[in-house]
Amino acid sequence: MTNTPDLEYTITRVLDASREAVFAAWTEPERFSAWFGPHGFTTPVSLISMDLRPGGAWSACLVSPEGAKAPLGGVYREVSAPERLVFTTGDPDNQEGAVASVATVTLTDLGDRTEMSFTQEGYNTDEAHAEAAKAGWLQFFDRLAEHLA
């Protein structure tokens, strides 16, 4: 595998919810559970942990329709409610323990709506895996929009 630390992309969505509600969806386990994961997967609240402070760890375990578990996790680098969240996210296929990437969520208040900008960068993976991660996040954000609607 070729490491490509310069891979980066940004996904921007306008959500029909206040900035506070979007931030809560990212930072409250009960809300996070409702949308975090691709279509068909669940993320049980009992398998979510959030130590919401810089240096605090987060983890969540996605469960496929067949019952297979995919653990994800990382460390919060910045927690600035309700406008910004920065965290690392590991690659469950990477057994060397290297940080896969850094994700930055920026929330802009548009009155009764919120613009969410999600940037993922600094991959410790190859381009194909990065594209698969982006495709996954697009599904996550479809579910987030449904949850907030």
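Let's start with a definition: a residue is buried under 20% relative accessible area, exposed over 50%, and partly exposed in between, using a 1.4 Å probe and protein chains only. By that yardstick E78 is partly exposed, with a relative accessible area of 27%.

Before going on, some ground rules. What you're looking at is a predicted model, where local features need pLDDT of at least 70 and side-chain atom pairs count only at pLDDT 80 or more, while totals for chains, interfaces and linings use all residues. Residues are numbered from 1 along each chain as its sequence is written, and side-chain values use heavy atoms, with hydrogens and water left out.

Now the overall layout. The protein has three helices and seven strands, where helices are DSSP runs of H or I with at least four residues, strands are runs of E with at least two, and both are numbered from the N terminus. Walk along the chain from the N terminus and the order is β-α-α-β-β-β-β-β-β-α. Out of 149 residues, 44% are buried. As for contacts (heavy atoms within 4.5 Å), take those with a separation of 6 or more: 51% of them join residues 24 or more positions apart. On the outside, the protein exposes about 7300 Å², and carbon and sulfur atoms supply 50% of that; the areas come from the Shrake-Rupley method with a 1.4 Å probe, and for residues only the protein chains shown count as cover.

Helix 1 is a good place to zoom in. This helix is mostly covered, with eight of its nine residues buried. The buried set is R19, A21, V22, F23, A24, A25, W26 and T27.

Next, the charged pairs. Side chains of opposite charge can pair when their charged atoms come close. A salt bridge here is a side-chain nitrogen of Lys or Arg within 4 Å of a carboxyl oxygen of Asp or Glu, and the whole structure holds five of them. One joins D16 and R113, at 2.7 Å from N to O. D16 sits in the loop between strand 1 (8-15) and helix 1 (19-27), and R113 in the loop between strand 6 (99-109) and strand 7 (114-121), so this pair ties together parts 97 residues apart in sequence. R113 itself is partly exposed, at 36% relative accessible area.

Another of the bridges links E28 and R31, at 3.1 Å from N to O. E28 is partly exposed at 34% relative accessibility, and R31 is partly exposed too, at 35%.

That brings us back to E78, whose salt-bridge partner is R84, with the closest N and O atoms 2.9 Å apart. R84 counts as partly exposed, at 31% relative accessibility.
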